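Student: I have a chain open on my screen and would like to walk through it with you. Could we start with one residue and work outwards?

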Amino acid sequence: MFGIPGKQAVTMTPAAIKQISKLMAKDGSQGLRIGIKKGGCAGMEYTMEYVNSVDPMDEVVEQDGARVMIAPMAQMFLFGTEIDYEISLLEAGFKFRNPNVTDACGCGESIKFKDVSELEAERGAGSA
């Protein structure tokens, strides 16, 4: 929908691929759907959920057996994002390296995106 021909909407690191594949096998799901919703101190939050069927409007990204679906309303905001899975001494979880984020709260749980008009202008040639 907002993609550039020949370029995936999001990419996954080897750690993310391993974790998503493990979650798909454990749950028997078709993959993880990634979206965004209003919330948090910066205004928006990422969402992730298991899915058992692919919505025809979702952008599907498969990489080495791992599958993520991007909800239609999130596609513009997530284009160019790298998904990683990090394990530290105190926590483990998915991390999003998103070039469309302009601000984030101190805890990193909520983000603020560039304006829609700015994102559309950046994607201009790629959305045709």
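Student: Leaving aside its neighbours within four places in sequence, which residues is D84 in contact with?

Tutor: Happy to start there, with a word on the ground rules. This is a predicted model, in which local features need pLDDT of at least 70 and side-chain atom pairs count only at pLDDT 80 or more, while totals for chains, interfaces and linings use all residues. Residues are numbered from 1 along each chain as its sequence is written, and side-chain values use heavy atoms, with hydrogens and water left out. Counting a contact as heavy atoms within 4.5 Å, and with the neighbours within four places set aside, D84 touches T13, A15, A16, G93, F94, K95 and R97.

Student: Is D84 buried or exposed?

Tutor: We call a residue buried under 20% relative accessible area, exposed over 50% and partly exposed in between, using a 1.4 Å probe and protein chains only. D84 has a relative accessible area of 10%, so D84 is buried.

Student: Which side chain makes a polar contact with D84?

Tutor: A polar contact is a pair of N or O atoms within 3.5 Å; within protein, one must be able to donate a hydrogen and the other to accept it, and residues adjacent in sequence count only if both atoms are side-chain atoms. At 2.6 Å, the side chain joined to D84 in this way is that of T13.

Student: Which residues are linked with D84 in a network of salt bridges?

Tutor: A salt bridge here is a side-chain nitrogen of Lys or Arg within 4 Å of a carboxyl oxygen of Asp or Glu. By that rule the network links D84 with E82, E86 and R97.

Student: Which strand holds D84, and in what order do the strands of its sheet run?

Tutor: Strands (E, at least two residues) and helices (H or I, at least four) are DSSP runs numbered from the N terminus, and two strands pair if DSSP finds at least two bridges between them. D84 is found in strand β6. β6 belongs to an open sheet of three strands with mixed pairing, in the order β1-β6-β7.

Student: How many bridges join β6 to each of its partners?

Tutor: As background, strands of a sheet pair through backbone hydrogen bonds, either parallel or antiparallel. The parallel partner is β1 (residues 10-12), with M12 opposite I83, and the antiparallel partner is β7 (residues 92-97), where G93 is the bridge partner of E86. The bridges to β1 number three, and those to β7 number six.

Student: Why is one side of β1 and of β7 left without a neighbour in the sheet?

Tutor: Each of these strands has a single partner strand, so one side stays unpaired. That places β1 and β7 at the edges.

Student: Which helix lies across this sheet's strands, and at what angle to β6?

Tutor: Angles run from 0 to 180 degrees between N-to-C directions, with axes being lines fitted to C-alpha atoms, for helices over the stretch in contact. The helix lies across β1, β6 and β7, at about 75° to β6, and is α1.

Student: Which residues touch the most other members of the largest nonpolar core?

Tutor: A nonpolar core is a set of buried Ala, Val, Leu, Ile, Met, Phe, Trp, Tyr and Cys residues joined through side-chain atoms within 4.5 Å. The largest one has 25 residues. Its largest share, five residues, comes from α1. The members that touch the most others are M12, I20, L78, I83 and F94.

Student: Back to charged pairs: in the salt bridge of R33 with E49, which residue is buried and which partly exposed?

Tutor: The closest N and O atoms of this pair are 3.6 Å apart, and it links strand β2 to strand β3, 16 residues apart. E49 has 43% relative accessibility and therefore counts as partly exposed. At 16%, the buried one is R33.

Student: And which residue is buried in the E62 and R67 salt bridge?

Tutor: Their side chains meet at 3.4 Å, N to O. E62 has a relative accessible area of 46%, so E62 is partly exposed. At 17% relative accessibility, the buried residue is R67.

Student: How many salt bridges does the count come to?

Tutor: Another to include is E91 with K95, at 3.5 Å, N to O. The count of salt bridges by the rule above comes to eight.
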